[in-house]
Amino acid sequence: MGSQSEWKEVMNRAPEKEPDRQRYFMARCREIIEHRKQELGRELTFNDQTFGCQMNFKDSEKLNGILEEIGYVRTDSEKADFVYYNTCTVRENANIRVYGRLGTLKTYKKANPEMIIAMCGCMMQEPEEVEKVRNTFRFVDVVFGTHNIYKLAELLYRALSGKSRIFDVWDKAEEIIEDLPSDRKISFKAGVNIMFGCNNFCSYCIVPYVRGRERSRKPEDILEEVRKLAAEGVKEIMFLGQNVNSYGKTLKDPVTFADLLRMAEQVEGIERIRFMTSHPKDLSDELIEVMAASKKICRHLHLPVQSGSDRILKMMNRHYTKEQYLGLVEKLRKAVPDLSLTTDIIVGFPGETEEDIEETIDVVRKARYDSAFTFIYSRRSGTPAAKIEDNTPDRVIHDRFDRVLAVVNEVAKEQNAAMQGKTGLVLAEGIDEKDPSMLTGRLSNNNVVHFKADPSLIGQIVPVVLEEARGFYYIGRLEDA
Ligand code: SAH
Ligand code: SF4
Ligand code: F3S
């Protein structure tokens, strides 16, 4: 694959400026891939394994966009010529899952000398994990982090033209690079990054350490992307950030998240706007007003509470009390009566007592969540909470977890029946996995609906009579059918 001097020449000629530099490396990679395809007489394939949250899934779309530009063809099989693991480290079981799966790649690689294996994402921002990959998983060829995913083409060029392993993890983010390819799996729905990183440092959370400081994209760049998506036929967008409510504060010309929503609402063709995640401490009255007045912003708010106990909330560094949180919920319910509210809850924070758990259960009953993700606290090294001693037995924590979950389910079931008998607008998203004669879609409030309809309706927003509430979803009927 070229001599050492050719390689040096290519590196020397690379432009300094981004994204030009990456476009240059994409072209160089494309030449190599094209050449290999000729030699092998077949396509070269890639496979992505993505773990974690919407941020990671969005990053994988960008990585896939670059890989397709280079000439790789996507496959669902891990027996591919390029496989990457985009990892999550928010809780320990996320790490365990990654290492559990990684081993199988070793045998695939033995059978295919062409194969390149990469690891990236949040886990790779932790030096001890990188060391583990370096020493224990020696078949991994390329390691990079969350701050340099846009450099994939350059890293891949080095991997394709040499045989040494590449480790390139940055501890800080540089500027935000716009205008690189991206590949979506669904044609009518898209996530849009509006900010990166997090400055909140909740005491249990590793995200600020692996995703870096909060950075907002410029509103004009975001809106340009939204307009482009609308032109491509996207109907629903989801604004993504760890704390969207603090969007724009760090920009040279500050704008609020509410301003951004108002501007996005003007984009023709976009019919639904969602966003994730809202931190209760930064949820403004202005945002509530914009939501209430909007025809496009979906009737759903994910508002993680984490705990109902003031003592624990303080230890978590969340900057609100139970009363303030419930006050916010009340304000929201008044302004947006058909709002569906969901949340995240952590059970087993160090030192959590029976009384604390009762407070959490009380919040669930009072806030009346449509659904909640309930997590058992996981100790993340390097976070402040990791230093707090705790000797609560596991079985006590599991018992509390089960009790919280039982109330979450009981409340969710009641909440989810609220629209039974009514007609709702559903974005038909795909064929029902269990019954291929049905389609599956979502209401504005994010509830799932299954209904009999022709697959040609996929991607369209249609009126559906919500005939029967079945726990966490509705069985419906197309209104005119
Ligand atoms: N930025 C988002 C959440 C990102 S992480 C927010 O602040 O809401 C998603 C969820 O994982 C968190 O809301 C929290 O409930 C959970 N989580 C984060 N760190 C955790 C830990 N160490 N143990 C258990 N759950 C955790
Ligand atoms: Fe983690 Fe808190 Fe930031 Fe969410 S807001 S990512 S929980 S530190
Ligand atoms: Fe996981 Fe990173 Fe998201 S740690 S939850 S993938 S920001």
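The legends below describe close-up views of a predicted model.

**Figure 1. Residues surrounding ligand 2 in the predicted model.** The shell around ligand 2 includes the cysteines Cys 198, Cys 202 and Cys 205. Asn 200, Phe 201, Tyr 204, Val 207 and Pro 208 also belong to this shell, as do Gln 242, His 279 and Arg 318. By class, the residues around ligand 2 comprise 7 nonpolar, 3 polar and 1 charged.

**Figure 2. Residues surrounding ligand 3.** Gly 52, Cys 53 and Asn 56 are among the residues around ligand 3. The shell also contains Cys 88, Thr 89, Val 90 and Cys 122, together with Arg 211 and Gln 242. Its composition is 4 nonpolar, 4 polar and 1 charged residues. Gln 242 is listed in the shell of ligand 2 and also in that of ligand 3.

**Figure 3. The open sheet formed by E12, E13 and E14.** The 3 strands are arranged in the order E12-E13-E14, with parallel pairing. Strand E12 (300-302) and strand E14 (371-376) are at the edges; each has a single partner strand, so one side of each has no neighbour in the sheet. From one strand to the next, the twist averages 15°. The parallel pairing of E12 with strand E13 (residues 340-347) extends over 3 bridges, and His 300 has Ser 340 in E13 as its bridge partner. In general, the strands of a sheet pair through backbone hydrogen bonds, in either a parallel or an antiparallel sense.

**Figure 4. Packing of helix H13 against helix H14.** Helix H13 (residues 354-367) and helix H14 (residues 394-416) have axes 9 Å apart and pack at an angle of about 10°. Because angles under 35 degrees count as roughly parallel, H13 is described as roughly parallel to H14. From H13, the contact involves Glu 354, Ile 357, Glu 358, Ile 361, Val 364 and Arg 365. These residues meet Arg 400, Arg 403, Val 404, Val 407, Val 408, Glu 410 and Val 411 in H14. The contact of H13 with H14 has 7 nonpolar, no polar and 6 charged residues.

**Figure 5. Crossing of helices H8 and H9.** The axes of helix H8 (residues 219-231) and helix H9 (residues 257-265) cross at roughly 30° and come within 10 Å. The two helices, H8 and H9, are therefore roughly parallel to each other. Their crossing is right-handed. H8 contributes Pro 219, Ile 222 and Leu 223 to the contact, and H9 contributes Leu 260, Met 263 and Ala 264. By class, the contact of H8 with H9 has 6 nonpolar residues, with no polar and no charged ones.

**Figure 6. Hairpins formed by E15, E16 and E17.** Strand E15 (residues 423-431) pairs with strand E16 (residues 438-443) in the antiparallel sense over 5 bridges. Within this pairing, Gly 430 has Thr 440 in E16 as its bridge partner. E15 and E16 form a hairpin, with 6 residues between them. E16 also pairs in the antiparallel sense with strand E17 (residues 448-452), over 5 bridges. In E17, Phe 451 is the bridge partner of Leu 439. The hairpin of E16 and E17 has 4 residues between the strands, and Asn 446 in its turn has a positive phi of about 80°.

Methods: Residues are numbered from 1 along each chain as its sequence is written. Chains are lettered from A and ligands numbered from 1 in the order in which they are written. This is a predicted model: local features need pLDDT of at least 70, side-chain atom pairs count only at pLDDT 80 or more; totals for chains, interfaces and linings use all residues. Side-chain values use heavy atoms; hydrogens and water are left out. A residue is near a molecule or strand if one of its heavy atoms lies within 4 Å of it. Ala, Val, Leu, Ile, Met, Phe, Trp, Tyr, Cys and Pro count as nonpolar, Asp, Glu, Lys and Arg as charged, and the others, Gly among them, as polar. Two strands pair if DSSP finds at least two bridges between them. Axes are lines fitted to C-alpha atoms, for helices over the stretch in contact, and angles run from 0 to 180 degrees between N-to-C directions. Angles under 35 degrees count as roughly parallel, over 145 as roughly antiparallel, 65 to 115 as roughly perpendicular and the rest as oblique. Contact means heavy atoms within 4.5 Å. A crossing is left-handed if the near helix is turned anticlockwise from the far one by less than a right angle, and right-handed if clockwise.
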